[in-house]
Amino acid sequence: MKQPPSLSLDIASFAMLVLLAAIWGGSFFFAEVALRELSPLTITLHRVFWAVPILWLIVRAKRIQLPRSPRIWGSYLVMGALNNAIPFTLIFWGQTQIESGMASILNATTAVLGAVVAGLLLKDEPLTPRKLIGAALGVVGVGFIMGRGILSDFNLANLAQLAVLAAALSYAFASVWGRVQLAAQPPLMNALGMVMGSVVLMVPIVLLVDGVPSVHLSLPVWGAVFGISALSTSLAYVLYFAILVRAGAANLMLVTLLVPPFAIALGVMFLGESLPASAYLGFGVIALGLVVTDGRLLGKLRGKQ
């Protein structure tokens, strides 16, 4: 019988997981700063554009060969849309209407949505009752966050919340696309190909909608651009795949629970944000949904009975 993955992490893997959560949590803070002078579309372009040379140098240093197949590059284009261009833009636009911490909490639904999407589309990932319960808890958590007023008083904040949820769903489809189309490629090459595909998509859109991006930005905004590109994208992908190799995909999913606390803390300390109690309650329910979806902690508790 196949054994479930271990719940334990060695110290190095745990430290890397916390660091990844910190820099991904920081992306919400960086975006909030960048939004003072840049549009959501232009921030998305900056995020992927400056990540390309950094990841290119890493791929070259590791002597990873660039693929020559047009099919693979076409897959990178789709992956760039699903995992970068669409969700980044939706989240950044969402942050024009809601707090960065709120956006990070709603983005935490990625894991439970991913389990459901994989269950519907992948034969080796059956849609089990546990995953359905986890998804239902995620929906309840979102309900607490958005409140009952959404049915009678729908507003821009509610639309922004839905935009972040749509971004989480896009991430879920990206995960399935990557498994089906790009599993045979080196992970770091996938990261580079994906951001290159994103740049190809974003350049004409930004030029059409926003015009040529200005380079006359304040120092804090340039710092935010550097942070969201070099740290929250390039370094994040390197860490992501390193943790994947060391600890496995199941343990890596735990980062979903660690990102919002960092984003919320940065928002409170540096942006003066304040979230309602319903947001924290909703996050707790979403976190419970992830625990149920994952199943390992519940299995461990049952084993002790």
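Val212 is exposed, with a relative accessible area of 70%, and you'll find it in the loop between H9 and H10. Keep in mind that what you're looking at is a predicted model. From Val212 to Trp24 is 28 Å in space, C-alpha to C-alpha, with their places 188 residues apart in the sequence. Trp24 turns up again below, in a cluster with Tyr240 and Phe241 that is linked by ring pairs. The bullets take you through the rings, the helix packing, and a few single residues and one helix worth a look.

**Aromatic rings**

- A pair of aromatic rings is described by the distance of the centres and the angle of the planes. This structure holds seven such aromatic pairs.
- Phe29 and Phe270 make up one of them, a tilted pair with 5.8 Å from centre to centre and 55° between the planes. Phe29 sits in helix H1 (residues 11–34) and Phe270 in helix H11 (residues 255–271), so this pair ties together parts of the chain that are 241 residues apart in sequence.
- The two partners are not covered alike: Phe29 is buried, at a relative accessible area of 18%, whereas Phe270 counts as exposed at 55%.
- Trp73 and Tyr76 form another aromatic pair, this time edge-to-face, with 5.3 Å centre to centre and 75° between the planes. Both residues belong to helix H4 (residues 70–94), where they are three residues apart, or about one turn of the helix.
- Why does that spacing suit a pair? An α-helix has 3.6 residues a turn, so residues three or four places apart point the same way.
- Tyr76 is buried, with a relative accessible area of 0%, while Trp73 counts as partly exposed at 29%.
- Trp24, Tyr240 and Phe241 are joined into a cluster by ring pairs.
- There's a charged neighbour to look for as well: Arg47 lies over the face of Phe88, 3.9 Å from the ring centre.

**How the helices pack**

- Start with H1 and helix H10 (residues 219–252), whose axes are 8 Å apart and meet at an angle of about 150°. Angles over 145 degrees count as roughly antiparallel, so that is how H1 and H10 run relative to each other.
- H1 passes H10 in a left-handed crossing. The residues of that contact come to 24 nonpolar, six polar and one charged.
- H4 packs with helix H8 (residues 156–181): their axes come within 8 Å and cross at roughly 160°. H4 and H8 are therefore roughly antiparallel too.
- The H4 and H8 crossing is left-handed, and by class its contact has 21 nonpolar, six polar and one charged residues.
- H1 has a further partner in H11, with axes 7 Å apart and an angle of about 45°. That angle makes H1 and H11 oblique to each other.
- The crossing of H1 and H11 is right-handed. These are also the two helices that carry Phe29 and Phe270.

**A covered helix**

- How many of the residues of helix H5 (residues 100–107) are buried? Eight of its eight residues are, and the helix is mostly covered.
- The buried residues of H5 include Met102, Ile105 and Leu106, and also Ser100, Gly101 and Asn107.

**Single residues to find**

- Most residues other than glycine have a negative phi. Arg63, though, has a positive phi, near 55°, and is not a glycine.
- Where is Arg63? Its place is in the loop between helix H3 (51–61) and H4. Arg63 is exposed there, with a relative accessible area of 72%.
- Ile205 belongs to helix H9 (residues 187–209) and is partly exposed, at a relative accessible area of 37%.
- Ile205 and Thr42 are 163 residues apart along the chain, yet their C-alpha atoms are separated by 9.3 Å.

Definitions and conventions:
Residues are numbered from 1 along each chain as its sequence is written. This is a predicted model: local features need pLDDT of at least 70, side-chain atom pairs count only at pLDDT 80 or more; totals for chains, interfaces and linings use all residues. Side-chain values use heavy atoms; hydrogens and water are left out. Rings of Phe, Tyr and Trp (its six-membered ring) pair if their centres lie within 6.5 Å; planes under 30 degrees apart count as stacked, over 60 as edge-to-face and the rest as tilted. Helices (H or I, at least four residues) and strands (E, at least two) are DSSP runs, numbered from the N terminus. Buried means under 20% relative accessible area, exposed over 50%, partly exposed in between (1.4 Å probe, protein chains only). A charge sits over a ring if NZ of Lys or CZ of Arg is within 6 Å of the ring centre and within 35 degrees of the ring normal. Axes are lines fitted to C-alpha atoms, for helices over the stretch in contact, and angles run from 0 to 180 degrees between N-to-C directions. Angles under 35 degrees count as roughly parallel, over 145 as roughly antiparallel, 65 to 115 as roughly perpendicular and the rest as oblique. A crossing is left-handed if the near helix is turned anticlockwise from the far one by less than a right angle, and right-handed if clockwise. Ala, Val, Leu, Ile, Met, Phe, Trp, Tyr, Cys and Pro count as nonpolar, Asp, Glu, Lys and Arg as charged, and the others, Gly among them, as polar.
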